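Here is my note on the structure you asked me to look through, written as numbered points so that you can follow each one with the model open beside you.

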Amino acid sequence: MNDFSVAPLAQPGLERPDRLAADTAMGAVTLLVGDLDAMTAYYRDAVTLQVLDAEGDTVTLGRAGYAIVILRHEPALRHAAAGSAGLYHTAILFETRAALAAALYSTARHAPGTFTGSADHLVSEAFYFTDPEGNGVELYVDRARSEWSWTHGHVEMATIFLDPNQYLREHLTEQALAGSTARDAASVGHVHLSVGDVATARAFYVDALGFDTTAELGNTALFVSAGGYHHHMAMNVWESRGAGPRMPALGLGRIDLALPGADALGALGERLRDHGFAVRDDGRTLSFDDPWDNALHATAASA
């Protein structure tokens, strides 16, 4: 990723019935895994998440009581074929540079072969890994929104090399090394998907689901958000152009969205149905699939 063309954001405070509520946030990401013990160890010991619940074939990991990654054991499944649609990466957002540095140090120490790159995106600082079963992982921290550069309604984002060793020298503290940040809050900041084409992704994630477009890389990538965030989700075709619906496989199981209330959830259901997408509604949550059969699950905060 190099140059971003970013669309103007809607005026703050103005909710539109065809858009997601501004307070929409990402929830947990469920991964279908072949080796539950190894994957649990990676996210717990390397990435520094805590095991919040472990029951049967499912382990939930997160921070400060909030789920980030849910691992579900599916030993009968195999890895998807190269070029398939699915998860590109789960991006875990830390609250401070010290907490990010501690997670970076831990992951590099426990699983050094999983590091794949790093970048200063101007709005954020990010480090990239691949977990033991090939799922992309981003560990990042946002710069304060007051530091984001806006010109004529456009936000500047870029991909600039970020030296991980220099980052550790500048931000890894003795307190963080001693584990002082291990219980600090973290969350799923965004989820990045591999899809078959950007136009279909826009029709679903912008027109039907109701995200705002915040950045585009021609016909290769789309970035979307609610409430003026740089992106809650992204879709690219860098390794998956032309991919069709997914077959059952290890990897992405489900993406959770957290909406601010029942009204926002109801509006989302109506909008999806109006655009011809099937919605499963149990009275508390909405479940639906994108055009590549990536499963999404939306819940109101009050639920």
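1. A word on terms comes before anything else: two residues are said to be in contact when heavy atoms of theirs lie within 4.5 Å. Please also keep in mind throughout that this is a predicted model.

2. With that meaning in hand, consider G253, which is found in strand β15. Once its neighbours within four places in sequence are set aside, G253 is in contact with T30, L31, L32 and A295. Is G253 buried, partly exposed or exposed? With a relative accessible area of 22%, G253 is partly exposed, because the term buried is kept for values under 20%. Far from these contacts in the model is Q175, which is 78 residues from G253 in sequence and 36 Å from it in space, C-alpha to C-alpha.

3. The strand that holds G253 belongs to a wider arrangement, in which eight strands make an open sheet with mixed pairing, in the order β2-β3-β4-β1-β15-β18-β17-β16. Which strands form the edges of this sheet? They are β2, covering residues 50–55, and β16, covering residues 280–281, and each of them pairs on one side only.

4. It is worth following the pairing from β1 outwards, since this strand has β4 on one side and β15 on the other in the sheet order. Between β1 and β15, which run antiparallel, there are six bridges, and T30 has R254 in β15 as its bridge partner. Towards β4 the sense is parallel, with five bridges, and here L32 has R72 as its bridge partner. As for its surroundings, β1 is mostly covered, with eight of its nine residues buried.

5. On the other side of β15, five bridges join this strand to β18 (residues 295–300), and the two run parallel; within that pairing D256 stands opposite H297. Helix α6, made of residues 262–274, packs on the sheet and touches β15, β16, β17 and β18, while its direction makes about 30° with that of β17. Helix α1, made of residues 36–46, lies across β1, β2, β3 and β4, and runs at about 160° to β4.

6. There is another open sheet to look at, again described as having eight strands with mixed pairing, and its order is β6-β7-β8-β5-β11-β14-β13-β12. Its edge strands are β6 (115–120) and β12 (212–217), each of which pairs on one side only, and the twist averages 20° from one strand to the next.

7. Several pairings in this sheet can be traced residue by residue. The antiparallel strands β12 and β13 are joined by five bridges, and T213 has V224 in β13 as its bridge partner. V224 also stands opposite M233 in β14, where β13 and β14 run antiparallel and share four bridges. Continuing to β11, four bridges join it to β14 in the parallel sense, and S194 is partnered there by N236.

8. Which way do the side chains of β14 point? M233 and M235 point one way and A234 and N236 the other, and all of them are buried.

9. F127 lies in strand β7, and it is buried, with a relative accessible area of 0%. Leaving aside its neighbours within four places in sequence, the residues in contact with F127 include L100, L104, F115, V137, L139 and Y167. One of these, L100, is 27 residues from F127 along the chain, and the C-alpha atoms of the two are separated by 9.0 Å.

10. Finally, where does the model leave open space? The largest pocket holds about 650 Å³ of space and is lined by 30 residues, of which L87, Y88, G134, S194 and E239 lie nearest its centre. The elements that give two or more residues to this lining are β5 (86–94), β7 (124–130), β8 (136–142) and β15 (251–259), and β5 gives the most, with four. How do the lining residues divide by character? There are 13 nonpolar, 14 polar and three charged residues in the lining.

Conventions: Residues are numbered from 1 along each chain as its sequence is written. This is a predicted model: local features need pLDDT of at least 70, side-chain atom pairs count only at pLDDT 80 or more; totals for chains, interfaces and linings use all residues. Side-chain values use heavy atoms; hydrogens and water are left out. Two strands pair if DSSP finds at least two bridges between them. Axes are lines fitted to C-alpha atoms, for helices over the stretch in contact, and angles run from 0 to 180 degrees between N-to-C directions. On a 1 Å grid over the protein atoms alone, a cavity is a set of points where a 1.4 Å probe fits but cannot get out, and a pocket is an open set with protein on both sides within 12 Å along at least five of seven lines; lining residues have an atom within 4 Å of a point. Grid points are joined across faces, edges and corners, and a volume is the space filled by probe spheres set on the points. Ala, Val, Leu, Ile, Met, Phe, Trp, Tyr, Cys and Pro count as nonpolar, Asp, Glu, Lys and Arg as charged, and the others, Gly among them, as polar. Buried means under 20% relative accessible area, exposed over 50%, partly exposed in between (1.4 Å probe, protein chains only).
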